[in-house]
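Here are a few short exercises to try with the structure open beside you. Work through each task first, then compare your steps with the solution.

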Amino acid sequence: MRVLVVEDEKKTASFIRKALQAEGLAVDVYGRGDDALVAATTTSFDALVLDIMLPGRDGLSVLRQLRERNISTPVLLLSARGEVNERVEGLNAGADDYLPKPFVIAELVARVQALGRRGGETKSTLLRMADLTLDTVSHRAQRGAKSFELTAREYRLLEFLMRSPGRICGRMSIIEKVWDYDFDPGTNLVDVYIKRLREKVDDNCEPKLLHTVRGIGYVMKETP
Ligand code: CA
């Protein structure tokens with residue numbers, strides 16, 4: 001589960017980050033609302049922890065922008081004591097939950113985990129990149145007008161890469177996530193699967209989506 005935390009008070013942000021990481025969640029932290037909006041629209045998160053008073057763009061504005069763009073990531077709003085109007089406004093703007101400061105960290109963690117679970121139920125079943133779609137229920141993939149079958153392992157690999165668009169996935173993280181190995185099998189396993197996947201996804205298609213980052217790993221993105 002990956003969480004975006006938007007909080008400009010450094011101590012609070014660091015406190016939240018540590019508590020969520022201790023529960024095994026991946027955490028990205030931003031201190032500015034405008035930066036967070038960019039991050040939340042370009043990367044897929046399972047939940048957002050969003051402070052209301054922020055530099056750049058306030059939390060309610062970030063929330064409204066996300067909902068206008070049909071991004072339904074569950075949002076937990078944080079706000080200072082007494083901001084009752086903001087709380088109501090936030091819930092109207094599409095927040096899923098609300099926690100006044102100061103809060104007990106265990107409660108924040110529990111609420112974030114609950115949001116992540118709830119989000120998982122309503123999340124779109126289709127992953128998209130350019131004209132490539134991957135159905136996470138039927139495990140079928142389609143590029144343009146051509147649909148193709150994937151083996152179970154090819155599916156897991158493609159899903160893993162498509163869930164991190166534009167992010168370089170190292171060979172070791174692929175081995176861990178797709179094969180569940182916590183050691184490097186020392187073979188060209190990943191390369192073999194990438195080659196097969198590339199034939200299905202990219203052959204005779206433009207733009208190429210599956211790119212090799214020499215010596216590091218692989219990335220899926222629309223631009224070379
Ligand atoms: Ca603040």
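**Exercise 1: Backbone angles**

Task: find A130 in the loop between β6 (126-129) and β7 (132-135), and say which sign its phi has.

Solution: Start with the elements: helices (H or I, at least four residues) and strands (E, at least two) are DSSP runs, numbered from the N terminus. Next, read the angle: A130 is not a glycine, yet its phi is positive, about 50 degrees. Now repeat the step for D180, in the loop between α7 and α8; its phi is also positive, about 60 degrees, and it is not a glycine either.

A word on the basis: this is a predicted model, where local features need pLDDT of at least 70, side-chain atom pairs count only at pLDDT 80 or more, and totals for chains, interfaces and linings use all residues. Residues are numbered from 1 along each chain as its sequence is written, and side-chain values use heavy atoms, leaving out hydrogens and water.

**Exercise 2: Aromatic pairs**

Task: how many aromatic pairs are there?

Solution: First, the rule: rings of Phe, Tyr and Trp (its six-membered ring) pair if their centres lie within 6.5 Å; planes under 30 degrees apart count as stacked, over 60 as edge-to-face and the rest as tilted. The count is 2. W179 and Y193 are edge-to-face, with centres 5.1 Å apart and planes at 75 degrees. Y181 and F183 are stacked, at 4.9 Å and 15 degrees.

**Exercise 3: Cis peptide bonds**

Task: which residue does a cis peptide bond join to P102?

Solution: The partner is K101, with omega about -5 degrees. Another cis bond joins E206 and P207.
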